[in-house]
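Colleague: I should like to go through this model with you, beginning with the whole chain and then turning to particular residues. Please give the reasoning behind each reply.

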Amino acid sequence: SSLPQSRLVEFVLLCLREVLPIAMGSCGSGARPHTAGDAPQGPNGPKSPRASAKLWHEKLKASTVDDVPGVVDGAPPNLKSDRSFVQAALEKNGLSLQHAAPSLQCDHGLVLVAVKQNGTSLRHADSKLRSDREVVLAAVQHGCTMDFVTEAHLRSDKGIVLAAVQHKWPLSSVPLQLRGDREVVLAAVKQDGASLDDANESLKDDEEIVIEALSNGWKPDLKRSALKSKKDVMLRAVKRDGWVLSCTDDKLKADKEVALAAVQQNGSSLRYVADALASDKDIVLAAVKQCGSALHFANAKMQADRDVVLAALGNGFSLCYVRDEFRSDRECLLAAVSQDGIALDYADKKFKSDRDLVLVAVKQNGRALQFAASSLSNDRDIALAAVRQNGQALRTVSRQLKRDREVVLTAAQHACPLSDIDASFRSNRDVMLAVVGFHGRSLCHAGEAIKADIDVVRAAVLQDGHALKYATADLKSKRDVVLAAVRQAGLALQHASDVLRADREIVLAAVNGDSRSLRYALGGLSQDQECMAAAGA
């Protein structure tokens, strides 16, 4: 008490200087050991908790949907209890709920967010909420199966069961009393017509339900003649799905109105039409106009009918299946090659030298050029049309046209691989610029001047980041080029210059694309906390 005030203050400060490190756990030997829950270390010392939280929020935002649960799992405990952080995670992937703090797994609002994003996250909710009707209903509406609904009263809840069958939960697993509920059964057969087999017998004569079931794959018991012979029911059914004709009574298969409605909806149902209608031109024409391949199911008379064949060829039927006389019919050939240029292969030989016909074929499919007569292989207009449709058609043009700059450039602009292009063009800037836009690594076969062209190299790395490997050393040091490469393929970092492998922005861009690229970082960045966090290390 007799010390002057100034000496007393000095004494107190000295004591605090000695006591505080011990109280903080350092025991006079420096900073306390770093633990997993501590804030990440920055280049100038530990980051503040606020800075750490911001880093985790940024990592969460940059994560893919599949990676979100892992991010939450790796986050420090305080963030697993942080409502805003957990909610942001649940909005991206509801399954993140499994890694949230228990106090948040029983948070009604957050659990609703989780199950609405992914219904199966219900299994990670607190047991009390797994018995909550609102939560369970939301979960089922978003993909949760009834397997995860354990409470008996909820498994018998009509609203929940209705949501379940609307998501393809089998009617066979629904409580018996609800299999006689019209709304539930109707929802079930809209998903799977065969569900009607598990419905109450009283609903199997409900016209709306039967039509929905037939339209969704139900094959009724053929003994149920009351259904298959009811024209009004079957007519409505075949208008929804022509295949239902296969289930109708033989009398209705011979009914022109029913048969016509069926083939207009699905041409291939022509196979189920009664023999008495198999020669009906109206029905067969309607069938092939809906589906060209229905001609397979027509009888011999109709397969020899020019109008029918022409309609089928104009709707995708292959020329290879028609009679020989139609392969010499120019109108039929035009109809065929306009739908499928490769049909030129089945044309009569004399038409393979028909310039106009060949031009139509190659415009539809450039590869049809291989079936044209050799006399047209040097036709520049045909060659240009072919490579414009498919760059790989360049391999079938004449040797002279393979050295034509416009033809080659057009082919390159339409995905022609470098292997099909004459070697003399590998130093042609325009051609190589087009080639690398589709096949970036083709840069490896380019001339040295091309490998030093920044525009060509940039186009190559934008298509395939690994094309950076073939660029000149100067371009491997160009920041914008390297940044484009690692954004396309993170592992392209290994091909960058040493200076840029030590560039934080470039390394972060690389590891965000592929965490394995961290091994190629230099300048201590492979051990940098921010880079390691981005890589999930």
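Colleague: What percentage of the area that the protein chain exposes do carbon and sulfur atoms supply?

Modeller: The model is predicted, and every value I give is computed from it. The protein chain exposes about 26600 Å². Of that area, the part supplied by carbon and sulfur atoms is 49%.

Colleague: How many helices does the protein chain have, and what percentage of its residues is buried?

Modeller: Besides two strands, the protein chain has 29 helices. The chain comprises 537 residues, and the buried share of them is 48%.

Colleague: Which residues of helix α12 are buried, and why can the helix be called largely enclosed?

Modeller: Helix α12 spans residues 207-215, and because seven of its nine residues are buried, the rest of the structure largely encloses it. At its start, a side-chain oxygen of D206 comes to within 3.1 Å of the backbone nitrogen of E208. Just after the helix, G217 adopts a positive phi of about 95 degrees. The buried residues of α12 are I209, V210, I211, E212, A213, L214 and S215.

Colleague: Within what arc do the buried residues of helix α5 fall, seen down its axis?

Modeller: In α5, which covers residues 83-92, the buried residues are F85, V86, A89 and L90. Seen down the helix axis, they line one face, because they fall within an arc of 130 degrees.

Colleague: Which residue forms a salt bridge with K281, and how far apart in sequence are the parts that the pair ties together?

Modeller: The partner of K281 is D307, with the closest N and O atoms 2.9 Å apart. K281 counts as partly exposed at 28% relative accessibility, and D307 is also partly exposed, at 43%. K281 belongs to helix α17 (residues 281-290) and D307 to helix α19 (residues 306-313), so the salt bridge ties together parts separated in sequence by 26 residues.

Colleague: Is D453, which meets R429 in a salt bridge, buried or partly exposed?

Modeller: The N to O distance between the side chains of R429 and D453 is 2.6 Å. R429 lies in helix α24 and D453 in the loop between α25 and α26, so the pair ties together parts 24 residues apart in sequence. R429 is partly exposed at 32% relative accessibility. For D453 the relative accessible area is 15%, under the 20% limit, so D453 is buried.

Colleague: Which residue forms a salt bridge with R516, and which residues do shared partners join into one network?

Modeller: R516 pairs with D514, the closest N and O atoms being 2.8 Å apart. R516 is partly exposed, with a relative accessible area of 46%, whereas D514 is buried at 16%. Salt bridges that share partners form one network, whose members are R429, D453, D455, R458 and D480.

Colleague: Where does N266 lie, and which residues does it touch, not counting those up to four places away in sequence?

Modeller: N266 is found in the loop between α16 and α17. With a relative accessible area of 15%, N266 falls under the 20% cut-off and is therefore buried. Leaving out residues up to four places away in sequence, N266 touches G242, W243 and Q290.

Colleague: What percentage of the contacts between residues at least 6 apart in sequence join residues at least 24 apart?

Modeller: The count is restricted to contacts in the protein chain between residues at least 6 apart in sequence. Among these, the share that joins residues at least 24 apart is 37%.

How values were computed: Residues are numbered from 1 along each chain as its sequence is written. This is a predicted model: local features need pLDDT of at least 70, side-chain atom pairs count only at pLDDT 80 or more; totals for chains, interfaces and linings use all residues. Side-chain values use heavy atoms; hydrogens and water are left out. Buried means under 20% relative accessible area, exposed over 50%, partly exposed in between (1.4 Å probe, protein chains only). A polar contact is a pair of N or O atoms within 3.5 Å; within protein, one must be able to donate a hydrogen and the other to accept it, and residues adjacent in sequence count only if both atoms are side-chain atoms. Contact means heavy atoms within 4.5 Å. Accessible areas come from the Shrake-Rupley method with a 1.4 Å probe; for residues, only the protein chains shown count as cover. The arc is that of the directions from the helix axis to the C-beta atoms. A salt bridge is a side-chain nitrogen of Lys or Arg within 4 Å of a carboxyl oxygen of Asp or Glu.
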